[in-house]
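User: Could you walk me through the charges and rings in this one? I'd like the reasoning along with each answer.

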Amino acid sequence: AETPLRTDVVARHLSSVRRRRKRINHLSLLGSELVNPKGLFKLLGKKLKKFNVKELAINQIPSMNNEELISLAPFLNATKTLKILDLSGARFDAKALQEILCFFMKNPSLEVLVLGDNECVGDEGAAVVSSLQEGRAALRTLSMQGCGLGSSGVASISKVLGSCPSLRMLELSNNMIGDAGVELLAESIKSQSCQLEFLGLNSVEVGDRGVLVLADAVKTNRSLTSLSLQNNRGITSFGAAHLLKSTYNTQSLQSVLAGNHVLTNLNIRGCSRIGESLLKLSEDLLSTQAMATHQVIRFKVSKYTEKKGNGIVLEGFDPQLLPHILSFVAQANGLSYLFQSIRSMPPLHSQYELPSKVEEVKSNDFLESLKTPKRTKKVYELFGESFPRQRSIMRHQGGRRANKHEAPMKSLSCSNKCKKSLSSQKK
């Protein structure tokens, strides 16, 4: 980037690599100052066909326009090994992308495509990129940040979501998508074939109408882990509340457990019309990014009980069963441990499935069978495995006598061999 690149110098290096029979896996011209851009790209289009290049980054070069990209067409249309292509920060438009249409339609190995920070691409360029669905591309990352996309361009990209199950990351920030574009994306997210994990929608002029549709899609989607909606001034507290409700619904304990625990990175920073309480709640939920799913459930239930009180945690159990559970905990570990277990009930809720309605629990099925000694013993053993066991031993006249609840112990009398070994050790 500090020294201007001359075409003859690049040609000499490529020839040297070719003579030594070495490979070029990664070629980057990040921010380079080119003396003769047109001649250099024409040289790369001819020479790179002889190398199995896997990564090509020609980014942050404003002098790269239509002619330069068309010069790369011989290489791009012929390669079958390129996995990463970064052409961000250039000035080419949809006409240049049309010249490399064969690359988008027939490349079987492309995994990462970055065309960001180029407003000249527009909706027509997005239509060309959508032809990836016609090929066998295993695309995992698509970035079209700041490419001048509108609702029609997003309609083309949404087709890629439905037809490309390998896609994991989609970056569409800094585009005038609006509510109509977000609604199209939300419909694609609902599809079972969509396995998207990251969706970037920062500064896309979306409002509450688009966020409400997106919240409905998030409720059923179980692959999306990150959703970024920063700096969207159209989102108010009304839309943010519905969006957060899809991942953390505090209507009841059952609704908290039934929420989306996969989406842990829901970022709404910079939305000035959202209340402080909702922003604080979103920041608290952002702290669960590195947690496993069961840890996220425990965190949400614990946060719910802190607000509602510890007594509300027991609402999922039948009142006739609670004395059996609590009395067992008290007998096994004492009263101090009993109060600790009551405060740690949220972890238990993440392990056991609760009924949706307390009224549906029939006493004839479970509670009647609980009255039998065998059934009661099984219930005690189930909860006993969750707590450390302690032996109940009673002292009597310098000896020891086992409690009736303790398992029978072996005789403590020594055999003759044991006595002989002890006497020999004393001698």
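Analyst: Sure, and one definition to start: patches are made of residues with over 30% relative accessible area and no salt bridge, with like charges joined within 9 Å. Keep in mind that this is a predicted model.

User: Which residues gather in a patch of positive charge on the surface?

Analyst: Take Arg18, which lies in helix α1 (residues 7–19). Arg18 has a relative accessible area of 47%, so it is partly exposed, and a patch residue needs over 30%. The full set in the positive patch is Arg18, Arg21, Lys42, Lys46, Lys49 and Lys50.

User: Is Phe103 buried or exposed, and what is its relative accessibility?

Analyst: Phe103 pairs with Phe104 edge-to-face, with 5.4 Å centre to centre and 70° between the planes. Buried means under 20% relative accessible area, so Phe103 counts as buried, at a relative accessibility of 1%.

User: How many residues apart in sequence are the parts that Glu197 and Arg168 tie together?

Analyst: The two side chains meet in a salt bridge, 3.7 Å from N to O. Glu197 sits in the loop between α9 (178–189) and β7 (198–200), and Arg168 in the loop between α8 (151–163) and β6 (169–171), so the pair links parts whose separation in sequence is 29 residues.

User: Which residue forms a salt bridge with Asp8?

Analyst: Asp8 is partly exposed, with a relative accessible area of 42%. Its closest N and O contact in the bridge is 3.2 Å, and the partner is Arg6.

Terms used. Residues are numbered from 1 along each chain as its sequence is written. This is a predicted model: local features need pLDDT of at least 70, side-chain atom pairs count only at pLDDT 80 or more; totals for chains, interfaces and linings use all residues. Side-chain values use heavy atoms; hydrogens and water are left out. Patches are made of residues with over 30% relative accessible area and no salt bridge: like charges are joined within 9 Å, nonpolar side chains (Val, Leu, Ile, Met, Phe, Trp, Tyr) within 5 Å. Accessible areas come from the Shrake-Rupley method with a 1.4 Å probe; for residues, only the protein chains shown count as cover. A salt bridge is a side-chain nitrogen of Lys or Arg within 4 Å of a carboxyl oxygen of Asp or Glu. Lys and Arg count as positive and Asp and Glu as negative; His and the chain ends are not counted. The place of a charge is taken as NZ of Lys, CZ of Arg, CG of Asp or CD of Glu. Helices (H or I, at least four residues) and strands (E, at least two) are DSSP runs, numbered from the N terminus. Buried means under 20% relative accessible area, exposed over 50%, partly exposed in between (1.4 Å probe, protein chains only). Rings of Phe, Tyr and Trp (its six-membered ring) pair if their centres lie within 6.5 Å; planes under 30 degrees apart count as stacked, over 60 as edge-to-face and the rest as tilted.
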